[in-house]
Structures are given as C-alpha cells and as structure tokens.
Amino acid sequence: MIVYTYKTIPYQDSSKLVYAYSESGLISFLARGVMKMSHPLSFAAEPHRLLDVTVSKGTLPTLKEATLLNRYEAAKKDLKKTMIHHLIGETLQKNSAPEDDHFKLLGLLKKVFDKIETEDKPLKYGVLFLLKLLYFLGFGLHLKQCASCPVSAELGFDIYALETQCKAHGSTPEKRRNHALITSYLTAEVSEDLIQDLPDEMVFLEMIGRLYETHLDFQSKALKETLRYLKKEIV
Ligand SMILES: [Zn+2]
C-alpha cells in the first residue's frame, strides 16, 4: 500500500504512531520499536515520506514492512517547501472523507510533491493542490457565470467576496486576471508550462484560507504559520 506520512507521534516506550494518507484515505498504524537505535524500519516512522508499506489487519494495524519511495530531500532543507507539506498534510487530515476519490488524490499529491522538490517557486503548487482539493471535496467555485446574473462573458473573480462577477456586477481587469488564473490552476496538469506565476502568494493563500473556512469550517494552523512566514519574507 502506497502511503504519504503526514504526522508521527511517540507511543509508549520506543514505538511511534504514524498518520498517513493512502489510496483508501486516512490511515494510522503503529510502528513498534522504531525509536530504538538502528531499528530497520525507523525511516518509515518519519513525517513527509512516501512509502510502500505492509501493515497487519485490526483496529490498530502494525507496520510489518516498508520501502522508502521518496524522502523529499529538498523539502526538508527549505522552510517554504516544508510548510507546503505541513499545509497539505493538515488539510487532508481535516477535510478528507471516506467517500472521496483517494486514488486520484494521492496521485495528484505525488505529482505536486515531486514538482515542489525541483521548483524555486513552490507555493503555487500548494495553491494548485488546495484549489483542486476543494473541487474534489465537492465545492465548486462557480467560475462560469456571474454570481448575480446569468452573464458568462468577461468574468472576474473577487478574491475577497469569493465570487464570480460580470462587468455590470463589479468585475475589473484585475479580477478578470484572477479569474483566468484560478481557472487555469483548476484545469492545469501539474506541469510547469501550464501554471502561471501567482501575482501575490500571500493574498492567494489568504483566499484559500477563506474558501476553506467558508465551505468547510476549517481553521488551519499550518496555513496561519505559512502566512506569518510569508509576511516576514515580504517585509
Ligand atoms: Zn452579473
């Protein structure tokens, strides 16, 4: 089973509880004894790793075997990249439901994290993932028509009101640029050529935060930390 570990906590003397996202959704398993020196499976009980694992059956499965598929080396050395891992892990933990298409979501997650490893502007891939995730979870942004009338031409997206607007209902050139950008992010494959740069990373992450809070009653600690970091970076 392929899993992405997003959190690990010490358990009893020398074990760890591992929380992960898999192609069947959120799972947790016990990694026995991995905090002992040179335990052969200790690599599998660390957060932000992609693994192929075998676990036992039961209410609290135990880790039996593990193969390391990716340790996301670049993300470990780069605070911004680490934050995206936190952000995506926390978002999945709080929002993914058993009925979601986890196979597809895990595929998207792998592509995004691969891309983030080599990107010098990684945050836009975080934004891409979170926007697409919102769609996966069933919350469309209604980008194809003005929120106040049936007009579907020259639409803009107001990133504060979180709604699509036509010219008569408030769309401006800037809002039209944002509409085009969000549309392109939602339809983009995870490929550099298709994704335009975000004009302002912080504003877009704040927008994502409001979208999640509006639709999902979601207060993200990781999102707040990322925004705080970005503010410091800008000053
Ligand atoms: Zn309108």
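The protein's secondary structure adds up to seven helices and seven strands. Here, helices (H or I, at least four residues) and strands (E, at least two) are DSSP runs, numbered from the N terminus. Walk along the sequence and you meet the pattern β-β-β-β-β-α-α-α-α-β-β-α-α-α. Keep in mind that this is a predicted model: local features need pLDDT of at least 70, side-chain atom pairs count only at pLDDT 80 or more, and totals for chains, interfaces and linings use all residues. Residues are numbered from 1 along each chain as its sequence is written.

Let's start with the overall outline. The C-alpha trace spans about 65 × 40 × 30 Å along its principal axes. The radius of gyration of the protein is 20 Å, which agrees with the value near 18 Å for a compact globule of 235 residues. That radius is taken over C-alpha atoms, and the globule rule is 2.2 Å times the number of residues to the power 0.38.

The protein is divided into domain 1 (2–71) and domain 2 (74–234), with bounds that come from an automatic or database domain assignment. Their centres, taken over C-alpha atoms, are 29 Å apart. The contact between them takes 13 residues from domain 1 and 13 residues from domain 2; two residues are in contact if their C-beta atoms, placed from the backbone, lie within 7 Å. On the domain 1 side, E1, E2 and E3 each supply at least two of the touching residues, and E1 gives the largest share, four residues.

Now look inside. Buried residues make up 33% of the 235 residues. A residue is buried if 20 or more other C-beta atoms lie within 10 Å of its own, exposed if 12 or fewer, and partly exposed in between, with C-beta atoms placed from the backbone. The largest nonpolar core has 50 residues, and those with the most contacts inside it are Tyr4, Ala31, Leu63, Val112, Val127 and Leu128. Such a core is a set of buried Ala, Val, Leu, Ile, Met, Phe, Trp, Tyr and Cys residues joined through C-beta atoms within 7 Å. Helix H4 (residues 123–136) brings the largest share of this core, eight residues. Both domains join in, as the core draws at least three residues from each of domain 1 and domain 2. Take Leu128: setting aside neighbours within four places in sequence, Leu128 is in contact with Val112, Tyr185, Ala188, Val190 and Ile195.

Val112 leads us to helix H3, where the buried residues are His102, Leu105, Leu106, Leu109, Val112, Phe113 and Ile116. Seen down the axis of H3, these fall within an arc of 125 degrees, so they line one face of the helix; the arc is that of the directions from the helix axis to the C-beta atoms. The face turned away from that buried side carries the exposed residues Phe103, Lys104 and Thr118. What covers the buried residues of H3 includes strands E1, E2 and E3, along with helices H1, H2 and H4.

Finally, check out two backbone oddities. Most residues other than glycine have a negative phi. Tyr72, though not a glycine, has a positive phi of about 45 degrees. Tyr72 sits in the loop between strand E5 (63–70) and H1, and is partly exposed, with 19 other C-beta atoms within 10 Å. His142 is not a glycine either, and has a positive phi of about 50 degrees. You'll find His142 in the loop between H4 and strand E6 (156–158), where His142 is exposed, with 12 other C-beta atoms within 10 Å.
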